[in-house]
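Trainee: I would like to learn how to read a protein structure feature by feature, beginning at the surface and then moving inward. Could you take me through it slowly?

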Amino acid sequence: MTSTNLNIRIDGSAGAAAPYEQLRAQIAEAARAGRLPVGFKLPTVRGFAEELGLAANTVAKAYRVLEADGVIETRGRHGTFVAAAGDTAVREAAAAAQAFAERAQRLGLTFDEATATALDALRARYGE
């Protein structure tokens with residue numbers, strides 16, 4: 001399934017990530033790369049779901065996660081738009097890193113153990 005306007009492609013094959021996660025990842029990446037500029041109006045949940053051949057709840061879930069991540073923002077009846085997320089994403093990542101550092105120290109991990117744990121998690125997430 002492909003979106004004609006946003007070039008979103010959903011892989012429905014076995015073993016592929018959940019459709020909402022595929023949608024979330026592609027919109028987030030397009031926003032980070034500038035292919036979806038700040039202020040770009042996204043399709044409505046129902047319209048996008050129809051275009052992609054997905055359930056409306058699937059698109060709504062992707063939008064909720066993207067909004068929680070600061071990638072998009074909903075402006076009531078005006079629609080959903082790409083947000084100026086750069087600063088928000090960096091701030092949230094820094095807060096998460098700080099929380100991890102505090103928790104690792106409370107658990108008694110050494111600096112090297114905490115660093116290795118964080119790097120392992122990043123490598124697993126980014127596939128490196």
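Mentor: Let us begin with a patch on the surface, and please keep in mind throughout that this is a predicted model. Leu119, Leu122 and Tyr126 form a nonpolar patch here, and together they have about 320 Å² of accessible area.

Trainee: Where does Leu122 lie, and is Leu122 buried or exposed, or something in between?

Mentor: Leu122 belongs to helix H5, which covers residues 111-126. Its relative accessibility is 46%, and because buried means under 20% and exposed means over 50%, Leu122 counts as partly exposed.

Trainee: If that is a patch on the surface, how should I read the nonpolar residues of the interior?

Mentor: The general idea is that in soluble globular proteins nonpolar side chains tend to be buried together. In this structure the largest nonpolar core has 20 residues, and those that touch the most other members are Ile8, Leu23, Ile27 and Phe48. Two or more residues of this core come from each of helix H1 (19-33), helix H2 (45-52) and helix H3 (56-68).

Trainee: Which residues does Leu23 touch, if I leave out those up to four places away in sequence?

Mentor: With those left out, Leu23 touches Ile8, Ile10, Phe48, Leu52, Val59 and Ala62.

Trainee: Gln22 comes just before it in the numbering, so where is Gln22 placed, and is it buried or exposed?

Mentor: Gln22 lies in helix H1, and with a relative accessible area of 10% it is buried. Leaving aside neighbours within four places in sequence, Gln22 is in contact with Arg9, Ile10, Asp11, Ala16 and Ala17.

Trainee: Let us turn to the strands. In what order do they form the sheet?

Mentor: There are 3 strands in an open sheet, their order is E1-E3-E2, and the pairing is antiparallel. Strand E1 (41-42) and strand E2 (72-74) stand at the edges, and since each has a single partner strand, one side of each is left without a neighbour in the sheet.

Trainee: How many bridges join E1 to strand E3, and which residue is the bridge partner of Leu42?

Mentor: E1 is joined to strand E3 (residues 80-82) by 2 bridges, the two strands running antiparallel, and Leu42 has Thr80 in E3 as its bridge partner. Thr80 is buried, at a relative accessible area of 11%. Apart from neighbours within four places in sequence, the residues in contact with Thr80 are Phe40, Lys41, Leu42, Tyr63, Ile72, Glu73 and Thr74.

Trainee: How far is Leu42 from Asn5, both in sequence and in space?

Mentor: Asn5 and Leu42 are 37 residues apart in sequence, whereas from C-alpha to C-alpha they are 9.8 Å apart in space. Asn5 is placed in the segment before H1, and at 64% relative accessibility it counts as exposed.

Trainee: What should I look for in the backbone angle called phi?

Mentor: Most residues other than glycine have a negative phi. Asn7, although it is not a glycine, has a positive phi of about 60°. Asn7 is found in the segment before H1, and at 64% relative accessibility it counts as exposed.

Trainee: My last topic is charge, so how many salt bridges does the structure hold?

Mentor: In general, side chains of opposite charge can pair when their charged atoms come close. This structure holds 4 salt bridges, and one of them joins the side chains of Glu21 and Arg24, at 2.6 Å from N to O. Because they are 3 residues apart in helix H1, Glu21 and Arg24 are separated by about one helical turn. Glu21 is partly exposed, with a relative accessible area of 24%, whereas Arg24 counts as buried at 17%.

Trainee: Which residue forms a salt bridge with Glu73, and which with Asp120?

Mentor: Glu73 forms its salt bridge with Arg75, where the closest N and O atoms are 2.8 Å apart. Glu73 is partly exposed at 32% relative accessibility, and Arg75 is partly exposed too, at 37%. Asp120 forms a salt bridge with Arg123, with the closest N and O atoms 3.9 Å apart; these two are 3 residues apart in helix H5 and so are separated by about one helical turn. Arg123 is partly exposed, having a relative accessible area of 43%.

How values were computed: Residues are numbered from 1 along each chain as its sequence is written. This is a predicted model: local features need pLDDT of at least 70, side-chain atom pairs count only at pLDDT 80 or more; totals for chains, interfaces and linings use all residues. Side-chain values use heavy atoms; hydrogens and water are left out. Patches are made of residues with over 30% relative accessible area and no salt bridge: like charges are joined within 9 Å, nonpolar side chains (Val, Leu, Ile, Met, Phe, Trp, Tyr) within 5 Å. Accessible areas come from the Shrake-Rupley method with a 1.4 Å probe; for residues, only the protein chains shown count as cover. Helices (H or I, at least four residues) and strands (E, at least two) are DSSP runs, numbered from the N terminus. Buried means under 20% relative accessible area, exposed over 50%, partly exposed in between (1.4 Å probe, protein chains only). A nonpolar core is a set of buried Ala, Val, Leu, Ile, Met, Phe, Trp, Tyr and Cys residues joined through side-chain atoms within 4.5 Å. Contact means heavy atoms within 4.5 Å. Two strands pair if DSSP finds at least two bridges between them.
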